[in-house]
Amino acid sequence: MIIKKLKLIIIFTLLCFSSIVIGLTDTNKPIEINALMPAPFADSTERLVEQFNQENKGKIHLTVTRGPRETESVSDMAISSMILGNSPIDILLIDVTWLPKYAATGWISPLDEWVNDEDIKSIISGARQGNSYKNREFRWPLVADIGLLYWRKDLMQEPPKTPDALIKISKKLQNEGLVKYGYVWQGRQYEGLSCVYLEVLKGFGGDWLDNSNQFRLDEKSSIKATNWLRELITSEVSPKAVTNFSEPEALQIFETGDSAFMRNWPYAWAELQKPTSSVKDKVGVTTMVADTNQTPTATLGSWGFSILKNSNNKDAAWKAISYLTSEQAQKELFLKYGYTPTKAKLFNDIEMLEMSPILPELEKALQISEPRPKTPIYAQLSDVLQRELSAVLTGQKDPQKAMISAQVSSENILKSAGELRS
Amino acid sequence: MKRLHFYIIILLTWSMLPFIWQLYTSFCSQEALISPLRTIDNRWTLDNYLRIINADPPFWKYLLNSLVVGTSATLITLIISIPAAYSLTRLKSAFAKSMQLLLLAAALFPYVLLFLALLELARNLNLGNNLLALSIPYSALSTPLAVLLLSSAFRDIPKDLEEAAILDGLNTWQRLKWVLIPLITPSSASTAILVFVFSWNEYPIALTWISRSELITLPVAISRIAGSSVYSVPYGTYAAASVLGSIPLLLIVLIFQKQIISGLTQGAIKG
Amino acid sequence: MIFLFAPAALFLILVFVLPLIRYCWISVHALSVITNLEMIPNYGANWIRLYNDQRFWQDSFQTIRFTVTSVSLEILFAIAIALLLDQRWRGRGVVRALTILPWALPTTVMALGWRWIFNTPHGPIEQIISLLGFESINILSNPNIAWIATVIGDVWKTTPFIALILLAGLQSIPNDLYEAFRLEGGSSRQALFNITIPLLKQYLLIGILFRTAQAFGVFDLIQIMTGGGPASSTESLALYAYLNAMRFLDFGYSATIMLGSFILLVFSCLLAWLIFNQIKKIQL
């Protein structure tokens, strides 16, 4: 009985496999190129890719590999496929913080051949950052991302400008029973926490890794910034659970009208305008608070395309990239999905301005945007910072102690990296 | 009797409740998710399921991929482990004993720690992006446990039976094929199910070895379900996918639960 | 006879022996993004770093804490479940199958489910707490509690596996033993401690060994449920090794952590074995 069943299974397996093999060997004439993107980007660019393939019929055929939804898993997948070598991927959509790492390992190729100064100037100044490594362009931006402060227009006239004002307004609204929480943000131990911190840190006049490659995490301003984040929780302006919030949790709370402020990326705007949102038309967008005499800062996120070194069809790949990042494409992505464009021209586009009142705010935020430290060992540095911050936010560690230990660990990492390099 | 029922209900609640919550979540609309215990309008929806079924490539493709990997890994494991287990029971005891200890150590090894070396292996042997190649690490990782389980099943077969077969003039291969393998069928079945379940659920290796979307297995596919942006976690859709993805396993467990248990009864435990 | 074993041996060498040798080799080299992925001998610097790495020791402690708690809970529950499933009653087959189900589902899937269940404030647990008027306990954001949530996820998933092994053991105990015991006037509770548990010892040992090793390598459950946070209070050794390889591209140190955890595991298993034997002796 079982043996009979097994035989059936074997035949079935062989059938499946042969159909896969046949499917693969059926080669067409056009140049095949493949792009790996996180699943949400694969979904939103689907129509553009189709259009591109229509226009290049018989010449180039672009297929998109859906990466996992979680961006870090996309990186894992990309890295493993590069370790595997012989990867089927030509184009990789990468996050701003991965670039130095990938460029240093030589996995992605510089874009000098295709990109000139004119092209770079067509990009809005904020989004020009984070595409190069050692003065060579390695990435072409698709969508800009900046940290924003969302505020409730129905609860206040003006958004707060300083950290103290934010707490004061929050407390007032909470005491009046208008909102449950004052401010929700991303406090989970993950990359988002580093983004949140960078904005606050700069807002207090501090810095993470300065231009002369010195860490400044144990300085007064850094400790002040850390203290402020902790105070948000102890003063109950932010819920305790904020220490496990990433973007969706913060959005969920803000969406139900339970919070007066939220720190999030531009994508949240489109979500908040959906008919299911309880704060539709009641939300304004501005830049993060900063201490008096300090300029506010927006952490620069952003996704862009890179071409893998091992790709055999780099020219075709570039053609696809320039199509997907064209003004037309960016406009479509903005109107349909709220993706912040990177082309400077689009910020004056009348149709787009009509559609979205926040476009000028996005432009403003982009002008003050700040990239995270640009080094191949960024992931380690960020990890150290996240650990220490998380320990402070959950009340495990005193802010000053934590920042000193973050400083020491970061210096050690940089030191051992520098020693190896020499 | 009443006490017994009470315990059974507790047991079922414990093991089913998280799953029922997934089921419930999978039918909830986005806004209903946020207030799970309050009554609101428009709670129920089939959207989550429709989104999965209408996705491209369709959901059944991943089920098929997992099925292919699972069956091939299971077959390879059995083909390799049955002779090995047999030889262990017939070899000199010192060698067999030390082999058994090594196998136990290997079976206990937390395989996650091997993923980096396995990735290098895949590069050197050019095994990336190949569904059937994925069954090589799966079956290799399951071999130790399989050999242990099967060898004790062999040990349970009375010696006389095999001696009679030798007298009948059957060679090793014939003895295995006609006499011994049929006798260990229950153990083979339960081993097969253990291997199958492992391969069906494995994540880190599947994620790193396969990058072509038409070849990915179910757990990886589920991790690729996306909401409207990189930041949103589509819990409802996930729940729907996990419900659909567990139906095959539910069926397997319902059909084969006798074999799973009886196979273990004969099991390796004497080692 | 030995040729029958050869294919299996080849397989084992391929996925167990070679990787371990390779790790040993990598672990005495610098191999990272900083060395442009070239191997540069660094004469044990990785091992010194490991020894001085507070995080490695913290993760070791957390991994052991996770392992010990979840395995002991699993054993306790598994004994209860096995005893229940061993009795004869109608519908036992279906209940058995449903009990096994958690073990058969992909960890990655249910870990997300758990993350949703433990969500503050939208998850069912927090909702019930707030309905009852208690203060929210922030399960996944409290460093003192979050690891317990991961233990619950693990216990839920793997208890059925141990229960199955124990059930197999129970069914191998002849009924006559119990009848004889009853004839001599023993109560059923005494039977449990005098017959069942002693005869289950082998099976218990197998269950404990297997689960200890698996729990020690816990990875996807934690990565998805908490990502190692809050304040790294749930990070396991496997997760730390994974981070070093895939996120930091520091393969040299990652290999060192993997070997280090392996050595630690062997030590803990030996220790557990000794304790187990000691207990055995005392009872004899």
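Angles under 35 degrees count as roughly parallel, over 145 as roughly antiparallel, 65 to 115 as roughly perpendicular, and the rest as oblique. Axes here are lines fitted to C-alpha atoms, for helices over the stretch in contact, and angles run from 0 to 180 degrees between N-to-C directions. Helices (H or I, at least four residues) and strands (E, at least two) are DSSP runs, numbered from the N terminus.

Before using any of that, some ground rules. Everything here describes a predicted model, in which local features need pLDDT of at least 70, side-chain atom pairs count only at pLDDT 80 or more, and totals for chains, interfaces and linings use all residues. Residues are numbered from 1 along each chain as its sequence is written, while chains are lettered from A and ligands numbered from 1 in the order in which they are written.

**Two helices that cross**

Let's start where chains B and C meet. The axes of helix 6 of chain B (residues 115-125) and helix 1 of chain C (residues 2-26) come within 9 Å, crossing at roughly 105°. Helix 6 of chain B and helix 1 of chain C are therefore roughly perpendicular to each other. On the chain B side, the contact (C-beta atoms, placed from the backbone, within 7 Å) is made by B:Ala117, B:Leu118 and B:Glu120. Helix 1 of chain C brings C:Val15, C:Pro19, C:Arg22 and C:Tyr23. Sorted by class, this helix contact has 5 nonpolar, no polar and 2 charged residues. For the classes, Ala, Val, Leu, Ile, Met, Phe, Trp, Tyr, Cys and Pro count as nonpolar, Asp, Glu, Lys and Arg as charged, and the others, Gly among them, as polar.

**The chain-to-chain contacts**

Now zoom out to whole chains. Between B and C, the contact takes 67 residues from chain B and 70 residues from chain C. Which helix of chain B gives the most to the side that touches chain C? That's helix 13 of chain B (residues 235-265), with 15 residues. The side of chain B that touches chain C divides into 51 nonpolar, 14 polar and 2 charged residues.

Chains A and B meet too: 38 residues of chain A are in contact with 34 residues of chain B. Several elements of chain A each supply at least two residues to the side touching chain B, including helix 1 (2-25), strand 1 (31-38) and helix 11 (247-255). Helix 4 of chain A gives the most, with 8 residues. By class, that side of chain A has 19 nonpolar, 13 polar and 6 charged residues.

**Chain C on its own**

Chain C has 12 helices and 2 strands. Of its 284 residues, 53% count as buried, a word that means 20 or more other C-beta atoms within 10 Å of the residue's own (12 or fewer is exposed, in between is partly exposed, and C-beta atoms are placed from the backbone). The C-alpha trace of chain C spans about 75 × 65 × 35 Å along its principal axes.

How sure is the predictor? Its confidence in each residue is pLDDT, from 0 to 100. Chain C averages 86, and 98% of the residues score at least 70. Among the elements of chain C, helix 9 (residues 188-216) has the lowest mean pLDDT, 81, and helix 3 (residues 54-86) the highest, 92. The model as a whole scores ipTM 0.81 and pTM 0.86.

**A covered strand in chain A**

Over in chain A, look at strand 12 (residues 298-308): 11 of its 11 residues are buried. Both faces are covered, with A:Leu300 among the buried residues on one side and A:Trp303 among those on the other. Here are its pairings (two strands pair if DSSP finds at least two bridges between them):

| Partner of strand 12, chain A | Bridges | Sense |
|---|---|---|
| Strand 3 (residues 91-95), chain A | 5 bridges | antiparallel |
| Strand 4 (residues 108-109), chain A | 2 bridges | antiparallel |
| Strand 7 (residues 140-146), chain A | 6 bridges | antiparallel |
| Strand 13 (residues 369-370), chain A | 2 bridges | parallel |

To spot some of these pairs, find A:Ile91, whose bridge partner in strand 12 of chain A is A:Ile307. Likewise, A:Asp145 has A:Gly301 as its bridge partner in strand 12 of chain A.

**An open sheet in chain A**

Chain A also holds an open sheet of 4 strands in the order 9-10-8-11, with mixed pairing. Strand 9 (181-184) and strand 11 (283-286) of chain A stand at the edges with a single partner strand each, so one side of each is left without a neighbour in the sheet. Neighbouring strands of this sheet are turned by 15° against each other on average, direction ignored. Strand 9 of chain A pairs with strand 10 of chain A (residues 259-264) in the parallel sense over 3 bridges, and A:Tyr183 stands opposite A:Phe261 in strand 10 of chain A. Helix 11 of chain A lies across strand 8 (148-152), strand 9 and strand 10 of chain A, running at about 155° to strand 10 of chain A.

Methods: Two residues are in contact if their C-beta atoms, placed from the backbone, lie within 7 Å. pLDDT is the predictor's confidence in each residue, from 0 to 100.
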